[in-house]
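Open the model in a viewer and keep the sequence panel beside it. The stops below go from the whole chain to single residues.

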Amino acid sequence: MKTRRKQDGITLLGFIIVAAVVGFFIYIAIKLFPMYSEYYGVKSALKGLAAEPGVGSYEPRRINDLFFRRLYVSYSKNVKQEHVKLTRIDGGWQMDVKYEVRTPLVANLDVVGRFNATQNLIRSGEAN
């Protein structure tokens, strides 16, 4: 007598459910990627500014101009002038960038990302 082998695997309905869950997470990742990409652009602009020789002795208007020029190159659109704060520290400046990004997710649900980056800009131009 032939024995019948039991077939193992995923059913069509199971495959559709798994595909829907994976698709939903991919959709969320696609929505969140631009927010974090912009944040890393802000961090890299701050590090590039800190590496500028003598940046600690610049006046605040020039520092802001250099910072926003770097952001323009990285296509940052959510960071505005009111999100940037310069504070005088010993040997230079401390630059704080605090901003919020709101991205629509599904229907009336939004994803809100709050980002904060700080960099010391000292006279010698060394990044710390």
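Begin with the whole chain coloured by accessibility: 28% of the 128 residues of the protein count as buried. This is a predicted model, and the figure for burial covers all of its residues. Switch to a surface view next. The protein exposes about 9400 Å², and carbon and sulfur atoms supply 58% of that area.

Now show the C-alpha trace alone and turn it along its principal axes. The trace spans about 90 × 35 × 25 Å.

Return to a cartoon and colour by secondary structure. Two helices and three strands appear, and from the N terminus on they follow the order α-α-β-β-β. The radius of gyration is 24 Å, well over the 14 Å that the globule rule gives for 128 residues, so the protein is more spread out than a compact globule. If you display contacts as well, keep those with a separation of 6 or more: residues 24 or more positions apart account for 56% of them.

Select the strands next. They form an open sheet in the order β1-β2-β3, with antiparallel pairing. Which strands stand at the edges? Pick residues 84-89 for β1 and 109-122 for β3: each has a single partner strand, so one side of each is left without a neighbour in the sheet. Look at the sheet edge-on for the turn between strands. On average, neighbouring strands are turned by 15° against each other, direction ignored.

Add residues 12-50, which are helix α1. This helix packs on the sheet, where it touches β2 and β3. Compare directions here: that of α1 makes about 10° with that of β3.

Hide the helix and zoom in on β1 and β2, the latter being residues 92-106. The two strands run antiparallel and are joined by six bridges. Two of the facing residues can be picked out by name. Select Arg 88, and Trp 93 in β2 stands opposite. Then select Ile 89, whose bridge partner in β2 is Gly 92. With side chains switched on along a strand, bear in mind the general pattern: in a regular strand the side chains alternate between the two faces of the sheet.

Finish at the hairpin of β1 and β2. How many residues lie between the strands there? There are two. Select Gly 91 in this hairpin and check its backbone torsions: phi is positive, near 90°.

Note on methods
Residues are numbered from 1 along each chain as its sequence is written. This is a predicted model: local features need pLDDT of at least 70, side-chain atom pairs count only at pLDDT 80 or more; totals for chains, interfaces and linings use all residues. Side-chain values use heavy atoms; hydrogens and water are left out. Two strands pair if DSSP finds at least two bridges between them. Helices (H or I, at least four residues) and strands (E, at least two) are DSSP runs, numbered from the N terminus. Axes are lines fitted to C-alpha atoms, for helices over the stretch in contact, and angles run from 0 to 180 degrees between N-to-C directions. Contact means heavy atoms within 4.5 Å. The radius of gyration is taken over C-alpha atoms; the globule rule is 2.2 Å times the number of residues to the power 0.38. Buried means under 20% relative accessible area, exposed over 50%, partly exposed in between (1.4 Å probe, protein chains only). Accessible areas come from the Shrake-Rupley method with a 1.4 Å probe; for residues, only the protein chains shown count as cover.
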